[in-house]
Amino acid sequence: MKILIINGPNLNMLGVREPEIYGRRTYAELCAFIQDYCKDNGIEAKIFQSNHEGAIVDEIQAAYRVFDGLVINPAAYTHTSIAIPDAIKAVGIPAVEVHLSDISKREEYRHRSYTAEACIATIAGRGFEGYAEAIALLKEKLCRE
Ligand code: DQA
């Protein structure tokens, strides 16, 4: 089983960026956490991060017929991008949206997610653990099919 994990803008700044919201652990630690979880669960994982919407769309398109599942934290693009959910729908890969923070309890402009409608579930406010939960959910779904 191959899962692609995509992280959007500013997530590479984890550890430095607003630690009171996102915590003090770094992006490298997040990648290690995801890779360890996938290794323990027999999943092949690729982690991709970009600060550019088009690069994220390109990566989703390139996943067509290559990856079985997609975990995506589109970061700020969650609230602005139509191209990202369109790309997820285009490739038809089951996707789970993840947010480190609980976007429903933050500024009103973060309450709206355009990505959510292209995903089978959204996990928010669970920190790093949210990525493990998203991967477990995809594994369960893919094993059932
Ligand atoms: C985020 C929440 C977004 O609103 C924000 O723009 C981010 C990170 C999260 O993981 O909590 O960059 O996606």
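Here is a short chat about a helix pair and a ligand site in this predicted model.

Visitor: Why are α3 and α4 called roughly parallel?

Guide: Their axes cross at roughly 5°, and angles under 35 degrees count as roughly parallel, so α3 gets that label relative to α4. The two axes, for residues 53–62 and residues 83–91, come within 9 Å.

Visitor: Which residues make the contact between α3 and α4?

Guide: On α3 you've got Glu53, Ile56, Val57, Ile60 and Gln61, and on α4 Ala83, Ile84, Ala87, Ile88 and Val91. They split into eight nonpolar, one polar and one charged.

Visitor: What makes one of them charged?

Guide: Glu counts as charged, and Glu53 is in the contact on the α3 side.

Visitor: Over to the ligand. Why does histidine 79 count as a polar contact of the ligand?

Guide: A ligand oxygen is 2.7 Å from an N or O atom in the histidine 79 side chain. The cut-off for such a pair is within 3.5 Å, so this one qualifies. Serine 101 passes too, with its side chain at 2.6 Å from a ligand oxygen, and so does leucine 100, through a polar backbone atom at 2.8 Å.

Visitor: How do you know how much of the ligand the protein buries?

Guide: Taken alone, the ligand exposes 320 Å², and the protein buries 99% of that. The residues around the ligand include Arg17, Tyr22, Asn73, Arg106 and Arg110.

Notes:
Residues numbered from 1 in each chain as written. Predicted model: local features only at pLDDT ≥ 70, side-chain atom pairs only at ≥ 80, totals over all residues. Heavy atoms only, no water. Axes fitted to C-alpha atoms, helices over the stretch in contact; angles between N-to-C directions. Helix = DSSP H or I, 4+ residues; strand = E, 2+ residues; numbered from the N terminus. Parallel < 35°, antiparallel > 145°, perpendicular 65-115°, else oblique. Contact = heavy atoms within 4.5 Å. Near = heavy atom within 4 Å. Polar contact = N/O pair within 3.5 Å; in protein donor to acceptor, adjacent residues only side chain to side chain. Areas by Shrake-Rupley, 256 points an atom, 1.4 Å probe, with all protein chains shown as cover.
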